[in-house]
Every structure is written in C-alpha cells, then in structure tokens.
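Have a look at the model below and turn it around a few times. We'll go through a loop, a metal site and a sheet.

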Amino acid sequence: MPPRFPLTRRTLLTGSALLAGAVLLPRAARAAVGEGEAVRLSAGPARVNLAGAGFPDTAVWAYDGRIPGPELRFRQGDTARIAFANTLPEPTTIHWHGLRVPNAMDGVPGLSQPPVPAGGRFDYEFPLKDAGTFWYHPHVNSGVQVAHGLTGAFIVEEREPIRVDRDLLWLLGDWRLTKEAELAGGFGHPMDATHAGRIGNTVTINGAVRDRVPVRAGERVRLRLINAANARVFALDFQGHAPRVIALDGHPVTPHAPPDGRVVLGPGQRADLVIDMEGRPGEGFDVVDGFYPRMAYRLTRLTYGAEAPLRDSPLDAPVALAANPLPEPDLAGAVRQDVVLDGGMHGAMPKTAGQRGPFWALNGVASMAHHHLEPLITVKRGQTQVTAFVNETGWWHPMHLHGFPFRVLSRNGQPAEHREWRDTVLLGPRETAEIAFVAEEAGDWMLHCHVLEHQETGMMAVLRVTA
Ligand code: C2O
Ligand code: CU
C-alpha cells in the first residue's frame, strides 16, 4: 500500500536545490556532562528551518529549541540524570526508548508516572546498563507530540569502542508539511489511523532536508540510524558501498551485510552500520530509500571531498561490538503468551468503531490512550516469556516492548538468522515473529505498535511483571 500522502520530490528537490553548497553536516549539539551532574532538558515551542533555505521556518515543538533534541551522550556504567522542564502548552513525559530503566523512570503517563503538567518538572535518573544507540520521545499524546518534533538521540558509548574514523548519527524524521512549510493538521485522522499512520511528505536527516553528506575517501564511519518517524518505514540502499550491520535497536549483532542490501527501519527501530568509504575523491553516491514500491527517492548523497584518501585499503580492525549484559532467555522454562494483531481498514474492527477509534486490537482487546489499562499479560519477575506476534492485518506494525529487550527467535516459522536482540520488531502484513525475553523488572510495562496512530487507536497493551 503506498502512503496516502506521497512524498513529493518537489518538496525535497526544491529544498535540496536551494541547499546546494551547504554541505556541512553540523555536529549535533552535545550535552557535555560529567558524572553526577544533571543535564537540563526542556520541551517547548520553537521555530526552526526544516524544509531548507527559501522556505519559511516551521513552528514545531522541540527539546531545547532544536530539531532533533540535543544528542545525549553517556558512557556505559554511568548514571544518567536529566532535569526535565515542560514548557509546552500541554502535559508530556519522556520515554527513553530501548533503555533498560527502572519502571518509575519509563515515562508512561498513568502507568509509571503522572504526566508532567505544562510548566511542570520531572527529574529522570537511571543507570546505563547497556551501550548503544537509543532515543527519547514523549509518551503523552504521542502522535501529535512526536510529529511536532519532540525526538532526540540517546547514545551510550561502549567502554571499549570499536575503531572508526568518525561516529555519525542520522536521526530520520518525517514531516507532513503544507506548501508554506507549516505542519499540516489532521492529527489522528481516521484515514491515517485505519491505514498506514501519519506518513509525511518531507524526510529529514537530523532536522533538515540534506542534499549531501560529505565523506572522505578511505575513512571508516560508524553510522547510527534512528527512525524517529510517526509511521514511515525506511529501506536504505547505500549505492556503491557495502555497509555492515553491527547493532540493531542498540544491541550488538554478528556483523553482517543487510539482507537484500537494504537497511530496513520501522518506526522506533535503530541500526548501527560500519561503512568503509571506498569511493574515490570527488565521487558521489546516492542513498536511496526504496521501502514503498514505486515511491523510491534519494534520501541524500554521500559526497566525496577532494582530499587524498585517508588510507588505500579498508581499515583492518574488528567491527564486532562486545555484547551487552542482557539476561539470556531460558527457553526450556519459558511461559508462552501469543499476541494477535487485528483491525485496520478491511479488518474486523472499523464496523463497530467510532470516529476516533478504536480501530485496532491486541488479542481482541482495544486499549485507548488515556484510559485505565488492565494488564493483557501477567508474568512473574525472572520468568522467561516467549511471544509470537501474529499479524492478522494487511498493514505493517513495528511492535515495541518497554523494559525488556528481546531475542527474535523466528519469523514466519523460520529460525531468525542472527537471533538479534531488539526492542521493536517490524511485522509485515500477515507476518509472524516469535520473540523471547526475561521479565527482569517488576512493574507495568507498555507493549504497543510504534506507528503512533495505531498505538493511539487500540494497538497497545500492558505487560504486568509481578514481584
Ligand atoms: Cu518509543 Cu512506548 O515507545
Ligand atoms: Cu501498527
């Protein structure tokens, strides 16, 4: 199914053409922090240029006035302290997507904390057990707040990182803009909620349409990709290059070439790549997003500078990352709880649903945001759980579990090649994925589709872990 509001090359091209010459990728602002010191972070209205020179600024909601929010960087084993202030006109929270945090720090309103009211503050503090590429975003009115720009990268550096020449981050955003570069309205419209979600028409890398990304011949880059879009799925083809995937959703995986040469990222997902820049000075190579058939477009272009190559043959250094200290599921002693996804356009639910939903259900239960949530699944702390997500719909769903990274055991009955750790697994129409995890922390944890318009119209549930 093509997105309802196709990405217009016009929007991208106009922005890009006018951007020509502006090739510098500004280094994301970093909060330089020492251990023990709290990082201040605020959420509030701002105006930023998203679409490029020649377009007016866009009124957004942003962390610290920037799109994306400041790149929060810590080291594994440190404690993150974030003193958060809400200067938005409505309540919000911050969810630290993919990080193993104590339940009270998970940022889910009504479940792990009260919403932070307009003008309110909340101090987040949690130890950083895992290294990797994570991100943060609100968990209140998510479809609206994330589409307004409230997203940021959260990087936890390894104590012993692999050797690369540069560590690059691309936080991918997707915006539905009007011709005047204002955010289009219609948030949560049933046409989006019952279909593929709010897919936009302008894709940004670190908050801007980027015609090119400068690289140097011979360098080895670690590229951290984050899909921070409400609904868009990406499938990136790095033409002329042979990227290796070294981590998925933050966690190390056996280094491998992306299947079919495409790095697929559903909303919420991340991938860390190692790319050796094997082109020659002066050359350029497109990075093409071809996820939606017949709607492929150029995301950006790797543009080689004129300098002499940094080295003649690729760096001879290992690319495998050390594993994170995750508890290994005990499959022999596991309990099994499957989750069936249903609903959507042509599904069973819309007939009975109202204008605002629910449109989707998990195991026949449709939970709406802001309602009291009864647990769908209850499990004892320390227990291994195996869950098959069974997608009975005709739509794509990135299913996200808070609190517990899981191993992907199989897909459509076939053993998963890398048994990778993930926090979000992307299910195609009628697909099944089987996962396993250890429920290591007591509390109520969210399980939901990360297409935010699906989450908010029924596709979410609570997993209760009892002490
Ligand atoms: Cu990134 Cu509950 O979500
Ligand atoms: Cu979904």
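Let's begin with Gly413, which sits in the loop joining β27 (406-411) to β28 (414-415). Keep in mind that this whole model is predicted. Is Gly413 buried or exposed? Its relative accessibility is 61%, and anything over 50% counts as exposed, so Gly413 is exposed. Along the chain, Gly413 and Ala433 are 20 residues apart, while in space their C-alpha atoms are 7.8 Å apart.

Now for the metal. The copper ion (ligand 2) has protein donors at 2.0 to 2.1 Å, namely His397, Cys449 and His454. Their spacing along the chain reads H-x51-C-x4-H. Here are two of these residues, with the donor atom and how much of the residue is accessible:

| Residue | Donor atom | Relative accessibility |
|---|---|---|
| Cys449 | SG | 0% |
| His454 | ND1 | 0% |

Buried means under 20%, so Cys449 with its 0% is buried, and His454 with 0% is buried too.

Last stop: a sheet. Which strands make it up, and in what order? It is an open sheet of four strands, running β2-β1-β4-β6, with mixed pairing. The edges belong to β2 (58-63) and β6 (121-127); each has a single partner strand, so one side of each has no neighbour in the sheet. On average, neighbouring strands here are turned by 20 degrees against each other, ignoring direction.

Zoom in on one pair: β1 (residues 39-48) runs antiparallel to β2, and six bridges link them. In one of these bridges, Val48 is partnered by Thr58 of β2.

Notes. Residues are numbered from 1 along each chain as its sequence is written. Chains are lettered from A and ligands numbered from 1 in the order in which they are written. This is a predicted model: local features need pLDDT of at least 70, side-chain atom pairs count only at pLDDT 80 or more; totals for chains, interfaces and linings use all residues. Side-chain values use heavy atoms; hydrogens and water are left out. Two strands pair if DSSP finds at least two bridges between them. Helices (H or I, at least four residues) and strands (E, at least two) are DSSP runs, numbered from the N terminus. Axes are lines fitted to C-alpha atoms, for helices over the stretch in contact, and angles run from 0 to 180 degrees between N-to-C directions. Donors are N, O and S atoms within 2.8 Å of the metal (3.2 Å for Na, K and Ca); water is not among the atoms, so sites may look incomplete. Buried means under 20% relative accessible area, exposed over 50%, partly exposed in between (1.4 Å probe, protein chains only).
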